[in-house]
Amino acid sequence: MKNERRLFLKQASITGAVFSLLPLIPTTVLASSNNQPKREDDINIGVCEMTPEEMSGPYFINNKLLRRNITEDEPGIPLLLTMKIIDSVTCKPLDDIFIDIWHCNAMGKYSGWKYINPDLKAPSGDIGTISRTDESTFLRGAQRTDKEGIVRFTTIFPGFYAGRALHIHLSARSANVQKRQEDKFYFVGQLYFPEDISEEIMINDMYSPRDINRLKNEDDSIFSGVKNRAAILTVKKVGDNLLDGLHGKIVLSINKDNVSKKITPKDLAKHTV
C-alpha cells in the first residue's frame, strides 16, 4: 500500500502541475453549437459566479491540522484533490485562504465519530448535534492557498453513510486569525463526484459489501439544493488502473466579504468542535 501511494503521488504531481497552468474561462463564455456555457476539461463550472454554500453537517472539528496528506493509512482508492479558489467579484485567484476539508472513510465513518454506525441514519443538522466518540483525526486537514489560489490534498476516495451521497466537506476562512472566536468563514460547502466514477469505485472490496445502498447525487436532498453542477468534481484516473489513484479538481468561486452562517463563532465554542 505504501509503495502504491508513493507511485500515486509521483504521478499526481505531474497532473497537478498541468492543472495550475490551465486558464480560467468565465461562465459567460458560450459555446456556439448549443448556447451552453463552454467547459474546458470541466474545471470552469462556477467561475465568476459564487459557488453555492451547503450545510456544514454535524462532523466538523476546528482542529486546524495543517497538512497535505490526511489519509493516516486509511484504506481506500488514493485521491489527489486539487482546488482553485477565486474571487467571485474579480475572478482572480485568492491566495493565503485557509481551506479545511473533512470526509468519511471507505466504510462511511468520520474521525471523532468512528464508533457511530454509518449504516444507520444519523442527525444531519447543525454542528454539535452528535457527541464525539473519540479523538481520532483521519481524513481531516487544512492548507493555505498559494499565489495561484491553489490548494492540494492527498486523501482517499470517500465512502458513504446512510442518507447521503458521496461527498467531501470544506470551509474557507482567513489564514491569519489567532483566536478561534475571531474566525470568519467566507464559505462552507460540499464537493460531489460524477456518478460513473462513484459506481465503479463502490464495487471495490475496500468499499463493499455494505448493508445499505448509497444514494446517488440526484437522490440526495442536500445535493438537489445545489444551484447548477458547481459542486461536482472533475475526476480522472492517474494511471491505467483504478487502484493507481484518481485526481479530482474543481474551481470554487467565493466572496471574501461574505460572512457564512453555516459555521459561526458561536458554533466554534461548542464542545464538539
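On a 1 Å grid over the protein atoms alone, a cavity is a set of points where a 1.4 Å probe fits but cannot get out, and its lining residues have an atom within 4 Å of a point. Grid points are joined across faces, edges and corners, and the volume is the space filled by probe spheres set on the points.

Before you start: this is a predicted model, where local features need pLDDT of at least 70, side-chain atom pairs count only at pLDDT 80 or more, and totals for chains, interfaces and linings use all residues. Residues are numbered from 1 along each chain as its sequence is written, and side-chain values use heavy atoms, with hydrogens and water left out.

**Exercise 1. Find how many cavities of 30 Å³ or more there are, and say what lines the largest cavity.**

Step 1. Count them: there is 1 cavity of 30 Å³ or more.

Step 2. Get the volume: the largest cavity holds about 70 Å³ of space.

Step 3. List the lining: you'll meet Y59, G108, K109, Y110, W113, I116, N117, P118, L120, A122, Y161 and A162.

Step 4. Sort the lining by class (Ala, Val, Leu, Ile, Met, Phe, Trp, Tyr, Cys and Pro are nonpolar, Asp, Glu, Lys and Arg charged, the others, Gly among them, polar). That gives 9 nonpolar, 2 polar and 1 charged residues.

**Exercise 2. Describe the aromatic pairs F60–F185 and Y110–Y161.**

Step 1. Set the rule: rings of Phe, Tyr and Trp (its six-membered ring) pair if their centres lie within 6.5 Å, with planes under 30 degrees apart stacked, over 60 edge-to-face and the rest tilted. The structure has 8 such pairs.

Step 2. Take F60 and F185: the centres are 6.2 Å apart and the planes sit at 85°, so this pair is edge-to-face.

Step 3. Place them, using helices (H or I, at least four residues) and strands (E, at least two) as DSSP runs numbered from the N terminus. F60 is in the loop between helix 1 (2-20) and strand 1 (78-87), while F185 is in strand 6 (residues 185-191), 125 residues apart.

Step 4. Check burial (buried is under 20% relative accessible area, exposed over 50%, partly exposed in between, with a 1.4 Å probe and protein chains only). Both F60 and F185 are buried.

Step 5. Now Y110 and Y161: this edge-to-face pair has 5.6 Å centre to centre and 70° between the planes. Y110 lies in the loop between strand 2 (97-102) and strand 3 (140-144), and Y161 in the loop between strand 4 (150-156) and strand 5 (168-174), 51 residues apart.

Step 6. Look at burial again: Y110 has a relative accessible area of 2%, so Y110 is buried. Y161, at 12%, is buried too.

Step 7. Widen the view: Y59, Y110, W113 and Y161 form one aromatic cluster, and those four names also appear in the lining of the largest cavity.

**Exercise 3. Work out which distant residues G245 and K249 are paired with in space.**

Step 1. Locate G245: this residue is in the loop between strand 7 and strand 8 (246-254). Its relative accessibility is 0%, so G245 counts as buried.

Step 2. Go across the sequence: L79 is 166 residues away from G245, yet their C-alpha atoms are 5.7 Å apart.

Step 3. Move to K249 in strand 8. K249 has a relative accessible area of 7%, so K249 is buried.

Step 4. Find the partner: the C-alpha atoms of K249 and T82 are 4.7 Å apart, with their positions 167 residues apart along the chain.

Technical notes. 1 Å grid on protein atoms, 1.4 Å probe; cavity = no way out; pocket = protein on both sides within 12 Å on 5 of 7 lines; lining within 4 Å.
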